[in-house]
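Here are some short exercises to work through with the model open beside you. Try each one before reading its solution.

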Amino acid sequence: MSKITITDHPLIQHKLSILRDKNTSSKDFRILIGEIAMLMTYEATRDLPLKDVQVETPITTATTKKLAGKKLAIVPILRAGLGMVDGVLNMIPSARVGHIGLYRDPDTLSPVEYYCKLPADISEREVLVVDPMLATGGSAIDAITQIKKRKPKNIKFMCTIAAPEGLEALSKAHPDVDIYCAALDEKLNEHGYIVPGLGDAGDRIFGTK
Ligand code: PRP
Ligand code: URA
C-alpha cells in the first residue's frame, strides 16, 4: 500500500484553517495554497537522492551535498493544481512542469480528461503530482495512470485535503505512489464534496463562483 504522510506542521494547520474559511478571499486563498504547497514540499522531498560535491568556502575546501540527477517534474491537475505550482517551484526552481487537464463530471463524478502535456524527459525524473483536493480519488488515479505510461522514475502525490474514500482508492489503484496531505477530513457528502473541506478549490482559486 502507499505510504501516507499527513504533513500536520503547526504552520500548515494554521494556514489551512484560514483556507477553509468561506470568508477568505480568492486573493488570500491563492497566497495560502501556494504557501502550504511550499511547506509541504519540504516533507515530500525529504528522500531526494544527494551526491557529494567539492565546495571552496572562504575558509577551506569541503565535501558537501547537492541534489543528484535531474530535478523533479511537477504535474498539477488542472485547474486547481495550478494553485500549488509556484509554491513547489519556490523550493525547486529548476523543476520542469507538466500539465494534466481533468474535470469531474458533476453527475457521474468520473474524471474527464481534456489536456495532457508532460516534459519530454519525464522518464529521467521523479514526478510530484499536485492537486489541492483528493475526494473520490478518480482524478488523481486517472492522472497518475496517464503519467505512468511515460515511465517516470517515481511518482508522489501531494494534496492539501484528502477524504478517506480518496486515500483508500488512490492507494489501492497505485500502491507504489506515496501520498502527502495536510489534512485527512471526515467524509464525502452526497455531491462528492469533502466534509468539512473547503468547497470547490478551483472556483475559490480562480473566483469562478
Ligand atoms: C477538483 C479537484 C480535483 C478533483 C478531486 O477538480 O481539484 O481535481 O476535483 O475530486 P475527485 O478526487 O473526486 O476526482 P474539479 O473537477 O472541480 O476541476 P477544476 O479543478 O477544474 O475546478
Ligand atoms: N473537488 C473540490 O474542489 N472540492 C471537493 O470538496 C471535492 C472535489
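**Exercise 1.** Find which residues are closest to ligand 1.

*Solution.* Start with the surroundings: 15 residues surround ligand 1 (a heavy atom within 4 Å), and the closest are Arg104, Asp131, Thr136, Gly137 and Ser139. Next, look for polar contacts (N or O pairs within 3.5 Å). A polar side-chain atom of Arg104 sits 2.7 Å from an oxygen atom of the ligand. For Arg79, an N or O atom of the side chain is 2.9 Å from a ligand oxygen, while Ala135 uses a polar backbone atom, at 2.9 Å. Finally, check the area (Shrake-Rupley, 1.4 Å probe): ligand 1 alone exposes 500 Å², and the protein buries 91% of that.

A word on the ground rules: this is a predicted model, where local features need pLDDT of at least 70, side-chain atom pairs need 80 or more, and totals for chains, interfaces and linings use all residues. Residues count from 1 along each chain as written, chains are lettered from A and ligands numbered from 1 in written order, and side-chain values use heavy atoms, without hydrogens or water.

**Exercise 2.** Work out which residues of helix H1 (a DSSP run of H or I, at least four residues) are buried (under 20% relative accessible area, 1.4 Å probe, protein chains only).

*Solution.* In H1, residues 10-20, the buried ones are Ile12, Lys15, Leu16 and Leu19. Down the axis they fall within an arc of 105° (directions from axis to C-beta atoms), so they line one face. On the other side, Pro10 and His14 are exposed (over 50%).

Technical notes. Helices (H or I, at least four residues) and strands (E, at least two) are DSSP runs, numbered from the N terminus. A polar contact is a pair of N or O atoms within 3.5 Å; within protein, one must be able to donate a hydrogen and the other to accept it, and residues adjacent in sequence count only if both atoms are side-chain atoms.
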